[in-house]
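Trainee: Please take one part of this structure and go through it closely. I am new to it, so explain each term when it first comes up.

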Amino acid sequence: MRDPDRSVGMKIGLLDHMGYGNLGDAAIQEVVIANIKKRLPNAQLVGFSFVPDDTVKRHGIPCYPIRSWFPTLNGNRNAAPGKTKLSSTLKSALKKSRPIRALAKPVLDFAREVAFLARSYRALRNLDLLIISGGGQLGELWRGPWAHPYTIFKFSLLTKLAGKKLYFLDVGAGPLKHPLSKFFVRWALRFANYRSFRDNDSQELVRSLGVKEETHVYPDPVYALEFQQFLRSASHGNSIPVVGLNPIGFCDPRLWPRKDEAVYQEYLEKIAQFSTWLVEQGYSLRVFTTEISVDRHVIEDLKGLLSSRLSSPELVRQIFGSASENVKNVLLEMAEFDFIVTSKFHGIIFSHLLRKPVIALSYHKKMDVAMQAVGQGRFCADVERFDLTWLTRAFHSLVEESQGIRSGFAAAVEANATKLSQQFDCLFLPGRL
């Protein structure tokens, strides 16, 4: 237990696989930063992220990389700063001989990782607390056990070795199929001083891994986002209802972990048919994204299909605007919509905040849970198995029930924000750390 006066100069690290354009992750960090500063205004905050340049620019805090290599804002790939004598020697040898290159590469990679771990350990020793937050930190969906699970494990272990506190804050867990992923996640959580999850399913999953330490369940942190200014922006004054459509590159072989061109094309075709139907029904359609890095290809592909099916090039230009680059802009954009159809988890949460009736096309159980938690499970369907008949019928029902849905969202958001405020009080009021 810290003395209240000693809490003033705390140094707190915030770790997330953030930085590549996921505005849900960005919103989570905005919430965490705002709520720490509210309770510990003089605390020093430091980021640990996938793209440090983006974190510095977006959140205004210094930042370290979470991997020995990392992309930059311009898309280049950088090695983490610092070299070892061994790595320099090996690099010279690699340039001279293909056999040596084949033998030496694993050694070079190992040397680079060891050097990275040493630098990360030094950074963690300067902290009082490391917080790991963000939705999918405990999952292997993207690139298996040596991506997210290993990163979380190594920083948890290093924090423990440094003798510092470690909090897991409202994280999501799963999918976790590989034995190594389960090992990494189980021990990362055992090293922690505090563990909370964004839903009961995540908590039950980690319990099944053998984590017996105390855990908690709280809503996704984005429910604590300051959003009132965006509600005031919601009256667009148009007589034509606006539908916001948020597609995802599900099974797109260019970037999705499961690569299945036929499934992707089927999803794309159904979204194109639904888009055309909305226009024919007299709705104004707007395509938007909460994560342009994942959505860019599907948006371009959808634009190509609609350009061939809609008679007006001007109409197509209106449907496809510029992608929002930050949380404020995407909320301002979504505030102009009357109804939303999304394939993204935080597309759902943002819709709840803004009181927007929403249909979810779910690629992950977390999306089903988010819709069921506000009594809207009937407006959620599997992204791979929904059909156009269901989608159009669900949309008709969404429109008919919109007033009650908005009222339900308002009550749910208020309740979730209250729970999160209580959690932040328990964790970060002076004297609690």
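**The second largest pocket and its surroundings**

Mentor: About 570 Å³ of space lies in the second largest pocket. A pocket is an open set of points on a 1 Å grid over the protein atoms alone, with protein on both sides within 12 Å along at least five of seven lines; points are joined across faces, edges and corners, and the volume is the space filled by probe spheres set on them. The pocket has 27 lining residues, and Asn35, Ala224, Leu225, Glu226 and Phe227 are the closest to its centre. To count as lining, a residue needs an atom within 4 Å of a point.

Before going on, note that this is a predicted model, in which local features need pLDDT of at least 70 and side-chain atom pairs count only at pLDDT 80 or more, while totals for chains, interfaces and linings use all residues. Residues are numbered from 1 along each chain as its sequence is written, and side-chain values use heavy atoms, with hydrogens and water left out.

Five helices each supply at least two residues of this lining: H1, H2 (52–59), H8 (228–231), H12 (327–335) and H16 (402–428). Helices (H or I, at least four residues) and strands (E, at least two) are DSSP runs numbered from the N terminus. H1 gives the most, with 7 residues. By class, the lining has 13 nonpolar, 6 polar and 8 charged residues. Here Ala, Val, Leu, Ile, Met, Phe, Trp, Tyr, Cys and Pro count as nonpolar, Asp, Glu, Lys and Arg as charged, and the others, Gly among them, as polar.

Two of those helices, H1 and H16, also pack against each other, at an angle of about 55 degrees and with their axes 10 Å apart. The axes are lines fitted to C-alpha atoms, for helices over the stretch in contact, and angles run from 0 to 180 degrees between N-to-C directions. That angle makes H1 oblique to H16, since under 35 degrees counts as roughly parallel, over 145 as roughly antiparallel, 65 to 115 as roughly perpendicular and the rest as oblique. Their crossing is right-handed: the near helix is turned clockwise from the far one by less than a right angle, and anticlockwise would be left-handed. Val31, Asn35, Ile36 and Arg39 of H1 make the contact with Ser421, Phe424, Asp425 and Phe428 of H16, where contact means heavy atoms within 4.5 Å. By class, this contact has 4 nonpolar, 2 polar and 2 charged residues. Asn35 thus appears twice, in this contact and among the residues closest to the pocket centre.

H2, another contributor to the pocket, leads on to a cavity. A search of the whole structure finds 1 cavity of 30 Å³ or more, a cavity being a set of points where a 1.4 Å probe fits but cannot get out. About 30 Å³ of space lies in the largest cavity. Met18, Gly19, Tyr20, Gly21, Asn22, Ala26, Asp54, Thr55, Arg58 and His59 line this cavity, and H2 provides the largest share, 4 residues. Its lining has 3 nonpolar, 5 polar and 2 charged residues.

Tyr20, one of the residues that line the cavity, also turns up at the largest pocket. That pocket holds about 840 Å³ of space and is lined by 37 residues, with Tyr20, Trp142, Arg143, Glu291 and Val294 nearest its centre. The elements that give two or more residues to its lining are H1 (23–39), strand E4 (69–71), H10 (292–309) and H13 (345–353). H10 has the largest share there, 3 residues. By class, that lining has 13 nonpolar, 14 polar and 10 charged residues. H1 therefore serves both linings, being named for the largest pocket and for the second largest.

One last detail concerns Arg143 of the largest pocket. Arg143 has a positive phi of about 75 degrees although it is not a glycine, and it lies in the loop between strand E6 (129–133) and H5.
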